[in-house]
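Please open the structure in a viewer and keep the selection panel at hand. The tour below proceeds from one selection to the next.

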Amino acid sequence: MCGIVGYIGKKPAFSILLSGLKRLEYRGYDSYGFCVLNQQNEPFLYKKVGKISEAEVELSNLKVNGRVGIAHTRWATTGAVTEANAHPHFDCKKDIFLVHNGIIENYREIKEKLIKEGHKFTSETDTEVVVHLIEKYFQGNLEEAVRKALKEVRGTYGIAVISKKDPEKIVAARLSSPLILGINQDEFLVASDPAAIITHTRQVINLDDNEIAVLRPDNFFILKEKPLTTIEWTPEEAEKGGYPHFMLKEIMEEPEAIENAIRGRLIPEEGSVKLGGLINVSEKLREINRLILVACGTAFHAARVGEYMLEEYAGIPTEVDIGSEFRYRKPIVDKKTAAIFVSQSGETADTLAALREMKEKGILTIGITNVVGSTQSRETDAGVYTRSGPEIAVASTKAFLGQLATLAMLTVYLGRQKEMGLVMGKRIISELAKIPDLARNVLKSAPEFAETSSHLTPRSTLSNSAIEKLAEKYKDFKNFWFIGRKYNQPIALEGALKLKEISYLHAEGVAGGELKHGPLALIDENFPTIAICPSDSVYEKMISNIQEIKARGGLVIAIATEGNEEIKKLVDDVIYIPKTLEMLTPMLSVIPLHFFAYCLAVLLEKDVDKPRNLAKSCTTE
Ligand code: F6R
C-alpha cells in the first residue's frame, strides 16, 4: 500500500529519494516524508500531507545535505491523514528514524507497555511502536536493535531504519511485505517496489521474510547469501507491478485485500471478531433491531451480499438501497435503526447525501470505507476500514473483496451480540480465515498472473489460462446474461456491471428465478449466460434455470464447485471454484467474473483502466 525508498552512497540522497517517491506516486498516497542524515549525522526530517506535486517549489528550495536517507509515501490505515502520522517515525530522542509498510497487529499492547516504561509517542500509528522498540534495545549497533525489536512485533512489515548514533548505515527488514535492495557501483538502495529504483539500477536482491539487510556506503550484507537478479520491466511496467493494467494488478491483489481486511481482527477461540472502529458504539449496536445498508455500483452489490449474511446469520432485519434512490424514498426509520454506508472512496456524493439525511434524523451511522480520512469516514459515527490499499483502475475489484470480508466480519460481530452461538461464530471465522488461500487457488486458473513470487519478470501478455480461453471463445458475442440466486444473485449483477463498464458489451444480471418472468424471451444461441451455481442451498434451483436456458438453445458458462463433474454434461463451459461456506462463496465466485471481464476488454482493445464516460470517484449527485 505505502511506498518505501532508501539511499546510501556517494551522491546527495535527497534528490534520489524524491525521484524514487515520485515513481511510487501511482500507488496512491495521502502524505509523505523524508529523513536524511548530513555529514555531521544530524537528521533533516520533512513530513507533509498532500501530494509531492503540490510542494514542488518548496521541495526544490530545500537545502538538504547528506548521503544517506529514507523516504515514504503513506496511505493511511491506522491513524488519520496528518503530518504526525506520516513517516518517517522517530524515537523519543529523535536519534532513530524508520519507515514502514504493513500492519503491526499487536501495537496497542506494545504501546501501552512502552508508555509505562516512559516512551513518548507523537503519532496514532501502529508503526511508531517499532521505532520505540528499536530505541529500547539500541546499544550502539542498529541491526542488533532492529533484530531484537522485530521479535516482539506481530503482523507484517517492510522497514528501513537509520540512526544518527550508528550512522552510515540503512537497516532493512521484511515480513510479508515486499522489499528489494538495489545494488550499484558505490551505492545501495532499498525499496518496496522496483518502480522506485528502476531508473537508478536494475541489479536487485529480493529480501525474503525474516531477513535483515545492512546497507553501507561501500558494501552491504544480509544474514545469508542471495543471488543477484536483473529487472526486466520497463519503468512504465514497473509502476503497475509489472502488469499491463492496474485492473489486472488489482484483481491479482484480491486475495491480499481479503487478508488485509481480516488481519488481526478475527478471534478464532471466541468465534468472534474485534472491530476497533466500532468500540465506541458497541452498546448502541446492541439495541439495534433493523439495519439499512446504502451504497452505489459495485459497493451496492457488496451491500446486497451483506444483506443476506446479516439476515441469515446475525438475525437482524436488513434492507439495502442505492444512494441515489434512498434519500428520495422518504425512508421510515427509528432510533433502533442503524444505517451502514459502504464505499471504496468514501467520497461518493449519492452515498454521502444519504448519510447526511440519516444523520439529520439522528440515526446511528456506520461507514465501511477504504480511504482513511475520506468524507464518509469523518462524517459517520463509527466505522470499519476495509484496508484494500489504493485502487487505481476505475472499475472496482479488490475493494469489493475487502467490502465482502468486512461485511462477513460485521455479521459475526453483530450476530455474536445477538443470537449467534459460539459454534457458528467459530465456524464462520475459521472458514473466513481460509478464504485468502482459496482465492489464490481461483487465480491459479491464470497461472502466469498468479506467480507472485516472481515480481521481476514482465507480465505484459495474457497467459493461456482457462478464463482467457473462454474470453477468446466468447469475444464476438454482444450480449450476456449473468444469473445467480441468494448470495450469488448480487454477484450476477456485479459480473454484468464489470463486463459492461470495461468492454462496452451489453450485459445484464438477474436472479435465476426471474428468468421465466420475462428475460427468458431473449435467450437464443447468440445470448450466452454465465450461471453462478456453487453447490449450495439453491443449487438445484439454479440447475432448473440452466435447463430452461439450454432448452431454448442458449449457451451456458457455469461457475461451479470443484468436484462437480455432473454439471459438465449440462453446460458448455465450466469454471471451478473451491468449496466454502455458502455465505462466503461470493468472495470466490466473483474473482473469475472480474477476470473474465478484464480478458474480454483486453481482447476487444478497450481502455481497461479508464473506461469511457466513467470516473473513479463520483463526487456529484
Ligand atoms: C464499478 C465501480 C463503481 C463504484 C461506485 C461506488 O466497477 O467502481 O460502481 O463501485 O461508483 O464507488 P464507491 O465505492 O467509491 O462509493
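**The nonpolar cores**

In this predicted model, begin by selecting Leu278, Phe480, Met587 and Phe596, which touch the most other members of the largest nonpolar core, a set of 100 residues. Next, display helix H20, residues 586–603, which supplies the largest share of this core with 12 residues.

Return to Leu278 and show its surroundings. Setting aside neighbours within four places in sequence, Leu278 is in contact with Leu285, Ile366, Ala382, Gly383, Val384, Leu410 and Tyr413.

Then select Ile16, Tyr29, Phe34 and Ile198. These residues are among the 27 that form a second, separate core.

**The open sheet**

Switch to a cartoon representation and follow the strands in the order E5-E6-E7-E8-E12-E13; these 6 strands form an open sheet with antiparallel pairing. Which strands stand at the edges? They are E5 (89–90) and E13 (220–222); each has a single partner strand, so one side of each is left without a neighbour in the sheet.

Within the sheet, select E7 (residues 157–163) together with E8 (residues 170–175): the two pair in the antiparallel sense over 5 bridges. At this pairing, Tyr157 can be found opposite Leu175 in E8.

**Helices against the sheet**

Add helix H4, residues 128–137, to the view. Helix H4 lies across E5, E6 (96–101) and E7, and runs at about 140° to E6.

Finally, select helix H5, residues 142–152, which packs on the sheet and touches E6, E7, E8, E12 (212–215) and E13. The direction of H5 makes about 145° with that of E7.

How values were computed
Residues are numbered from 1 along each chain as its sequence is written. This is a predicted model: local features need pLDDT of at least 70, side-chain atom pairs count only at pLDDT 80 or more; totals for chains, interfaces and linings use all residues. Side-chain values use heavy atoms; hydrogens and water are left out. A nonpolar core is a set of buried Ala, Val, Leu, Ile, Met, Phe, Trp, Tyr and Cys residues joined through side-chain atoms within 4.5 Å. Buried means under 20% relative accessible area, exposed over 50%, partly exposed in between (1.4 Å probe, protein chains only). Helices (H or I, at least four residues) and strands (E, at least two) are DSSP runs, numbered from the N terminus. Contact means heavy atoms within 4.5 Å. Two strands pair if DSSP finds at least two bridges between them. Axes are lines fitted to C-alpha atoms, for helices over the stretch in contact, and angles run from 0 to 180 degrees between N-to-C directions.
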